[in-house]
Every structure is written in C-alpha cells, then in structure tokens.
Amino acid sequence: MSTDRLAGETPPGQEAAPGTAEARTPDAAAEPGGAEAPESAAAPGEEATGQEATGHKEGAGAAGAEAETAGSEAEAAASGAETGTRSSEAESADPASGAEAATPGVAKRAPASGSAKATADALAAAVRAVESGERSAASFFNDAPRPARPAASAAQPAKAAPQGGQQGGPTGTGPEVTRQRTAQEQENGGPARPGGPEGGAIGPAAAAPAATGPAPAPRPAVRALPGVEGVRQVLAAGGAPETLAEQTAEVLGERAAEALGEDPWLLLGVPGVRPEQADGFARALLGPACGPGDERRAQALVSWLLEQAALAGHSALEAAALRAALAQRAVPDPDDALQAAIADSAVLVFQDAIDEPGGRPRPATGDDDEEEQPVRILLGLDRFAMAEESVADGLARLLNTFAAVAEPTQDTEPAEAGEAEANGAEAAGAGAAGAEAAGATADGEPQAADGNAAGDSPATTAPATDAPTNTPTDDGTAPRPARPSAARWEAVAAAAPSPSAAELIRAAAHSGLVAHTGAEAARAEPAALIAAARSLGLRAFGATHTENGRRRLAAHLTGSAPDASAAGSPDPATAAVTVSGLLSGREGPGRDADGALALDLLVVLDAPQLDLETAALLVESLTDGTRLVLSGDPGVLWSAGPGRLFADLLAARFCPQVASRTPDFGPVGELVSGIGIGELSQVEAPGKEVVIVPVRDAGEAVHRTVQLVADSVPRAFGVPADHTQVITVGHGGAAGTRALNAALKERLNPGPGRFGGFDPGDRVAYTPAPGRTVPGTVTGADAAGLHLDCDGSAVVVPREQVGTGAVRHGWALTAHQAAGTRWPAAVVVLPGDATGGLTRAWVYTAFSRGERHLSVVQGADQALARAVAEVPVKERTTRLRGLLRQSVQSGEEPAAD
C-alpha cells in the first residue's frame, strides 16, 4: 500500500474544502403534541447518526427517525441477551408465573380467557388455511385494526404482591411460555398462542389497581369523517402533521380514523413516528386520562421495539432484553405488558436452544435423567416468525423431495425402477436433512440424504435417462423435467474450468440443496454449474442481488459458452437474472400452471443479502425436486432486512457445503482476503492499486474525498468520476453520505436542485423496496415524477416517493447500499467519529467494492485494525439455525429405530 499522494494532488491546506458543512435539509414537520419533530422524521429513510447500524434498510422508505435509532435501540435491547440461561434457571427465577411447565424445558400453556382462546383458535385456523393454500399469508395482514382497550388510569401505583403465589402476573423473569415444535402443535396447524397466567386473563382490570382519588375525565372522542379525510381530521386534532394521513390510512386500514381516535398509540405503527411523538399525540387527544402506564401504549411499544429490532436485523428478541427496553420507555410494569401482548397474540413466544461450546445441540430424548438443554426465551412478530419457519420448511422440502439420479443396475426391473422413482421422496423422509448429510465428507465428497456418499442411497435414486425431456408431451401436458444420468453429470464435472467448479457440479448433481462459499473470483464456479446444467437440458438460472451483479454473472456465462450463439443455442447471458426480477416475472423463465418457477436448477448468488421475507418467497416458489444452490461470500455484510439466512444455513450444517479454493488476485484481492481472516496488513501495490490517505478530521476527509474523485483517480487511472464510488459508514455526521454528497454535487454537478433537490445529471441511489438500492442518474422530471436512468433502464419515481426519501444523492453510499455492486474504483471514507460502526464485515464489504483501485481516506487510526481483528460482525438474534437443526434432529429419530 502507498501513502503517497497521487499525481497532481493538491495538499488540503492550499484550497478550500468544498461542502465541508453538513448538508442542509428541509425543515422538519411539527412533532405531534406541539413539539418540533426531528429533521429525519420528515424525510423517511434518513438516518441522522454518524454510524451505520448493521441492519439498517438505508433509503428503504422507512422514515429517518425510525431508521436513525434502529441499530442503537435494538442493540441496546439485545445487549446482555446473548448469554442464555438454562430453562430450569429461567423457571426458578419466576416463582409467581402461572405458566411454569412440569417438565424442564417444556412450557405448559395456562388457561386463557374466552376472548384470548377464540383469538388463538382463529389464528390457528388461519395458519392452516395458509398451509393448505386456501388463503394467502398477506390476506391476514389487511384486516381492520383490533379494537382499542380502555385507557388505564394516568397514575398507577406499584402492584401489590400477588396472593396465593400463583395469582396475578409474573414478577420475576417475565413470560416463561415457550415455543415447542411438537406433534400436537403441528396438528393444530401453527405456532402456539399462549394465554395469560393461571387465574384469569390479562386485561385492563388485572393490569394494576385503580389509582386513588377521582380519575380525570377523558376528553370527548373526535367524530371522524370516513377515509383519509377522517384520518387527517384526527391527526389535526392531536397536533400531528396531516401529511401522515395517507400513510396512516394505508397502515391501519379502512377504519383507520375510528381506530386512531380510540387508540392514539396506533400511530406508532406508521414508519417514522417515534414514541415521544405518539405520546404527545395521545396527550392531545385524551388529555390527562392518558399516562405511561396505559395498556394501549405498552402494547404499541412492544410491537414498535420488535419492528426496530427488525431494522437492525433481528427476527426476534430475548424476553429479558425486551423487558429492559420497555422499562427504559417508562412502562411501569414491563412483565405485565409482555404478558398482555402475548395473551392478545400481538407477539409470539419461542424457546430456542443455545449452542454448547464445542458441540451441537442434543436431540430431545425425553429422558428426565439427562442434563437439561440450555435454552433462551425469544419473542417475535408474526410476519418474521412465519417467514423464518417458511424458509426452514422450504429448505427441508427441497432436500427431502430431491431424487438423485444414478446409473441403473443390470438386474433391476423397469417396474422396480419406476417404483423407486415414485417413492423416492417418501423414502428419503426427514433423513435427507440429517446431521451427517448436512455437510461434506472428509475428502470433500458431498453426502446424500442418508449420510452415505452422494448417489449411493437407493431410497433417493431415480432412473437415469440421457434424453432431455423439457419439451411438451404428445398429449399437450406440461413438459417433464430432464433427468441426466450420473455419467453425464460426471462428464460435465470433468470438463469444468477449475477443481472447485467440478466439486460444485458434483454436489449439485447429488443434492437438492447446496451451499457454496467464495469471494469475487469464485463467482465463475456457479456460472460453470449453470452452463453445465443447461448443456444437460436442465432449465438452469442464476439470480443476483443487483443489476450490476447480474451483468457480471452474464459475462461469466458468456465466457463459459463462447460459441453458443454461433451454434444456434440461446444466448447464455439470458440465464442471469435478478432476484427481484425473477420473483416479479420480469426476468427469467416465468411460472408454470401451478404458480411455481419453471426451472430445474436455481443458483442464488449474493446469498448473504437475502432477507427472511424475500427468501421465504423464493423458496416457496420452487417446486418439489428443484435444485437450489445458495452461493455467496460469508465475509460480507448480512442483509439489510431481518435475518442472516446464509450464515445460519452454514452454521447449521444442514446441507452439503462447497468452499471455493479460487483466490482473488491483485493487491486489492490480497488486502481483502487478509481482512476476511482478521488481518489488516500492508500489501505491495506497485501500480498504486491501493492508496492510504491519512486525514486529521472530518472536514479534511470530505476535502480529500472530493479531490480523489474529481481529479486524482481520473488522472492516474483513467477512471471517470461517475465510475468511482464513495463509501462511508453512515448517512449522518460531518463525513456521512449527506455531507459527502453535498460536496460532490457542488464540485461535479452544481445546480439549484429544482426537481425535489435534484438536477439532471445527478447521481442518485433509488430504493424501490426495503433493502434494495439501485444506482442511477437523473435525466429529468415532470408531473409524473423524477426520471432516472438506472443501469440502462428508464425509471420514473412518483413525486410522493421522492418526497419520502426513496431517492438520495448517490455519489456516496453506505456499505449496505453498496453490497452486491462493484465499481472500477472505490474511495472508502473512515472518519474518526464513526469508529463505533466499524466491524470486520463492514471493512471487508467496503474495501472489496473496487475492481481496479481502492483509496482509503483514513481518519480512524488504530480503531480500523482493532475492528478487523476483534469485531467480526454485529450479531443478530434469529431462530433459523435452531429450526434447521430441529429438522436435522427430527430426521435422525426414525433412523435410530
């Protein structure tokens, strides 16, 4: 690495640093209740801190005030929750709980009130309806809001000690209702919906004794008009910005105005609204009748905290962490609030096994003499619980329904072979996900469902055929999928361009689910697999996270079959699609008559960027027997949305894993490879491929960044400014994306910003959906909205989306926004005030975005090396690894008989 200035650089003291002051933003809307709202509340998607929270959905349309503190609040809520306790310890700490189970580690549901039981029965029926296909999951989230509970008294004294030991709510460690995937639960069709403690349901009457003295009279309810106008009227009565009306109506449904008048804290469900703003709105509507102990407030805060945790990447939170977060929000009785939320089915409760050092979780044997398994109690929202379980079930389905093809033996009768094909999926059973089958053998050979060498199990073997059958049959029915023989698979594997590509092809030939790990150079291996599968007559496609990634994959595919066009074969580049385009039907093969994706093999690159809900949609779109390969670099940042699917899949050892042995070459590749193993070392860069630029403060960092992008990199490497990407830690701060973009616009494309702050020629980052960032350039604007050119595609962003932060200036991005995309040159800015946001994964992701050149504006000093060596990643609380291991254990149990 070099610390020298590039040719022609001007020392920072010889010219003024443009745009060093933080960018000015429009005035904020007034905070509900009369106080002025923070700046970011008026611009959804804007974070105001100087650090990037790991799980942020930057620019996703979520309001900035929400995203601004998502990481800090969720991390604070999750702090101290990483160390679990054994179930017996959790039970003994709560002697007053009525939900204590008789058997250690297994919770017993307490009797619930008629209302709670009816709700639980209805929700169980809803889950059965979704699983049977009678209704879609989304249809259950569009109902009118539940009726608001009566307001609690403003002043609530502390609860008296419960009489009789088992009456009342818990006073110790909170809810001890646990989540068990038992046979009884599977018969019920969905997760358990626990009721309140024994002795009665939890409700306003049982929440706390009535306050002494006369209660203040509530203000008269506002008679709201129907529709959005009614919502606007209620918002105005509470002092909230009327601009929230359409968003509020969309979130709360057709009875939004009525529901909001009865329960003002429902406003917390609107993205961007903070608890203090909702409190001010409630005080304006209800007057002295509302207070911090209002049950409606507590329930809204529980859901809000879990949503904030999801923004930071958590799919659930530990009960202790959630109680602590509620206490910080002045909820007088967090235990009671959690029990009320559980009884009202606002949250679900789960028991998650804790990994023991040096071993994997033990399967449940029912032997009381054995040592108890360490567990932790998690609480989560319905949508993330359903997504996580859908992913686990879908991955198990792909393993269990896959029928590997082997050469038929000479003495096998056709009838026996056909019977084996018909019964292959059933015979495989859950054993396909067994612990031994989850990995690879010691010599790298992938294993099949029964734990033997791949392809050796007759239970998962279907008859071999060399003839492609992806053509319509004579009777006009759907085409039958091709089933290449094992010999043909071995032939294409032998012709693979590298040993790692050959190993991946063999693994995909013998398993319905494969995990492949590797860096940028290893992307050639999934491309080789796709080309090989297509040569065998399979409908094979590769899906990437971004359009930039799709073009890189298409280049690899074209290189794998350079003579395809001349031979009259379809263009191999058409096999490269984006995940969003594949799911929407804009790209790829489309769907068959049953609604499943019409393909035989799907390779998903950039797998670490898959969030839970997208992964659930993708897996559910694959029909039984489809091959799925999840490929990605385990060192990069996880998804912007909740979950860590790829990391959980690798940790659970649920399927065969192929680790690429193809290194990234060049000084940038050498530097990034060292970071991946926790080492930040100097590399030889004779052509100044890697340059370190030390700075003293944020102002100098902005100045040197503008100088590098506008002058030094174009002059030294011939890379124009619009092909150089700036990456920094967060949106706020003196050297965040806002300040950097303001300075870069002033230098590269000055203008008045007459189109909502944008001018033609501005580089922008457009966020069409949470977690997806599309780079583009402004081409104009009209009544329809802002016109963009995004990777050659014309996009029109409606005016209302521009105003809510769906479009940002894009000369500077965060590492999460840059993930999945590469540029010829990258400038990474590390200001001294953002060191708290640095992790090894962040540095790895940011440094690996440059193909030919990397400049590091270094103001973090030794904090950079410490982050690389000591802080691998910001942890997330998820359930997927446990669910996958439960599937492995359940698959092992029948085999033991």
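Let me begin at one particular spot, alanine 330, which is found in the loop between α11, residues 319–328, and α12, residues 334–343. I should say at once that we are looking at a predicted model, and I will keep that in mind as we go through the residues one by one.

What draws the eye to alanine 330 is its backbone: phi there is positive, at about 65°, although the residue is not a glycine. Is alanine 330 buried or exposed, or something in between? With a relative accessible area of 44%, alanine 330 is partly exposed, because that term covers values between 20% and 50%.

Now please look at aspartate 606, which lies in the loop between β10, residues 601–604, and α20, residues 612–620. Aspartate 606 also has a positive phi, near 55°, and is a residue other than glycine. Its relative accessibility is 12%, and so aspartate 606 counts as buried, since the cut-off for that word is under 20%.

Let me turn next to a helix, α22, which spans residues 666–676 and in which Pro667, Val668, Gly669, Leu671, Val672, Gly674 and Ile675 are buried. Which elements cover these buried residues of α22? The cover includes the strands β13, at 690–694, and β22, at 850–858, together with the helices α27, at 840–847, and α28, at 862–870. After α22 comes glycine 678, and here again phi is positive, near 90°.

Let me move on to the aromatic side chains. How many aromatic pairs does the structure hold? The number is zero, but there are charged side chains that sit over rings, and I would like to show you two of them. The charged end of arginine 534 sits over the ring of phenylalanine 541, at 5.4 Å from the centre of that ring. In the other example, arginine 879 lies over the face of phenylalanine 350, and there the distance to the ring centre is 3.7 Å.

Finally, let us step back to the whole protein chain, which has 897 residues, 53% of them buried, and which contains 29 helices and 22 strands. If we take the contacts in the chain with a separation of 6 or more, we find that 74% of them are between residues 24 or more positions apart. As for the outside, the chain exposes about 36100 Å², and carbon and sulfur atoms supply 52% of that area.

Conventions
Residues are numbered from 1 along each chain as its sequence is written. This is a predicted model: local features need pLDDT of at least 70, side-chain atom pairs count only at pLDDT 80 or more; totals for chains, interfaces and linings use all residues. Side-chain values use heavy atoms; hydrogens and water are left out. Helices (H or I, at least four residues) and strands (E, at least two) are DSSP runs, numbered from the N terminus. Buried means under 20% relative accessible area, exposed over 50%, partly exposed in between (1.4 Å probe, protein chains only). Contact means heavy atoms within 4.5 Å. Accessible areas come from the Shrake-Rupley method with a 1.4 Å probe; for residues, only the protein chains shown count as cover. Rings of Phe, Tyr and Trp (its six-membered ring) pair if their centres lie within 6.5 Å; planes under 30 degrees apart count as stacked, over 60 as edge-to-face and the rest as tilted. A charge sits over a ring if NZ of Lys or CZ of Arg is within 6 Å of the ring centre and within 35 degrees of the ring normal.
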